Amino acid sequence: YETPKAQMIIDIGQSSTRIGLISLSSVIAYKESPIGGQYLDRLILRYFLQRYGLHIDALTAEDFKIASGNALFPDLDTENFCIGRENDGQGTKRVSFLQSDVFHLIEPALFELVELIKGLCSSVHLNAFTDMLDAEIVLIGGGSQLANLSLFITKHTRFPTRVADFPRESVLLGAQKFHRDQNLLSWASVK
């Protein structure tokens, strides 16, 4: 097998984010954080409840994250609407909010992710870190599809960042390759 260049793989899943630093065909550093899709959904749920007294369900929060979530401040701040159950349970209520409201809501979690990346880089041996200077970050998992997330990470870490071709399926596709080729298990080691 060809020895790949150093890469950082960030799997932003529903319940957590896992970051692995790969150098010289081995995982040399790993960190995990509870910041995942559900974490962002809970921020949105709390926002609507605290700001508007509006109860929305988790699926509605996820829909807003996908439709209005953006890792960069929106150029065009569009107005969106949400319908939910009133806090007193007496009926439904319709509220409007701006796309920038969602940005400000999730921005602190995105900076936590950047700090996790920087922390992982600072925890590795100098030779491996030097290896990372020419490397890239690859985002996988459903959460990696947040609009402009790769640009946000590049801007704040200075590592070129891209979303994998099939971000939602990447973990499954990788596991499938290991299952089909047992030699890969001996090639890939976790140190």
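Two strands pair if DSSP finds at least two bridges between them, where strands (E, at least two residues) and helices (H or I, at least four) are DSSP runs numbered from the N terminus. The model used here is predicted, so local features need pLDDT of at least 70 and side-chain atom pairs count only at pLDDT 80 or more, while totals for chains, interfaces and linings use all residues. Residues are numbered from 1 along each chain as its sequence is written, and side-chain values use heavy atoms, with hydrogens and water left out.

**Exercise 1. Find the partners of strand E1 and the sense of each pairing.**

Solution. Start with strand E2 (residues 17-23): 6 bridges join it to E1 (residues 7-12), and the two run antiparallel. To check the register, look up Gln7, whose bridge partner in E2 is Ile22. The link between E1 and E2 is a hairpin with 4 residues between the strands. Now turn to strand E7 (residues 136-140), which pairs with E1 in the parallel sense over 5 bridges. Here Met8 has Ile137 of E7 as its bridge partner.

**Exercise 2. Describe the hairpin made by E5 and E6.**

Solution. Strand E5 (residues 79-86) pairs with E6 in the antiparallel sense, over 7 bridges. One entry in the register is Gly84, bridged to Lys93 in E6. Between the strands lie 5 residues, and Gly89 in the turn has a positive phi of about 75°.

**Exercise 3. Which residues touch the most other members of the largest nonpolar core, and which element supplies the largest share of it?**

Solution. Begin with the criterion: a nonpolar core is a set of buried Ala, Val, Leu, Ile, Met, Phe, Trp, Tyr and Cys residues joined through side-chain atoms within 4.5 Å. Buried means under 20% relative accessible area, with exposed over 50% and partly exposed in between (1.4 Å probe, protein chains only). The largest core has 40 residues, and Met8, Ile10 and Phe48 touch the most other members. Elements supplying at least two residues each include E1, E2, E6 and E7, along with helices H1 (37-52) and H2 (58-68). The largest share, 11 residues, comes from H3. Finish with Phe48: beyond four places in sequence, the residues it touches include Leu54, Phe64, Val95 and Phe97 (contact means heavy atoms within 4.5 Å).

**Exercise 4. Is Gly69 buried or exposed, and what does it touch?**

Solution. First place Gly69 in the loop between H2 and E5. Gly69 counts as buried because its relative accessibility is 3%. Next, take the C-alpha atoms of Gly69 and Phe103: they are 6.2 Å apart, although 34 residues separate the two along the chain. Finally, leaving aside neighbours within four places in sequence, Gly69 contacts Phe64, Val102, Ile106, Leu146 and Ala147.

**Exercise 5. What is the nearest side chain of opposite charge to Asp101, and how far away is it?**

Solution. Locate Asp101 in helix H3 (residues 99-122). Lys and Arg count as positive and Asp and Glu as negative, with His and the chain ends not counted. A salt bridge needs a side-chain nitrogen of Lys or Arg within 4 Å of a carboxyl oxygen of Asp or Glu. The nearest candidate is Arg51, 4.1 Å away, and Asp101 is buried yet has no salt bridge. Asp101 does touch Arg51, as well as Tyr47 and Tyr52, when residues up to four places away in sequence are not counted.
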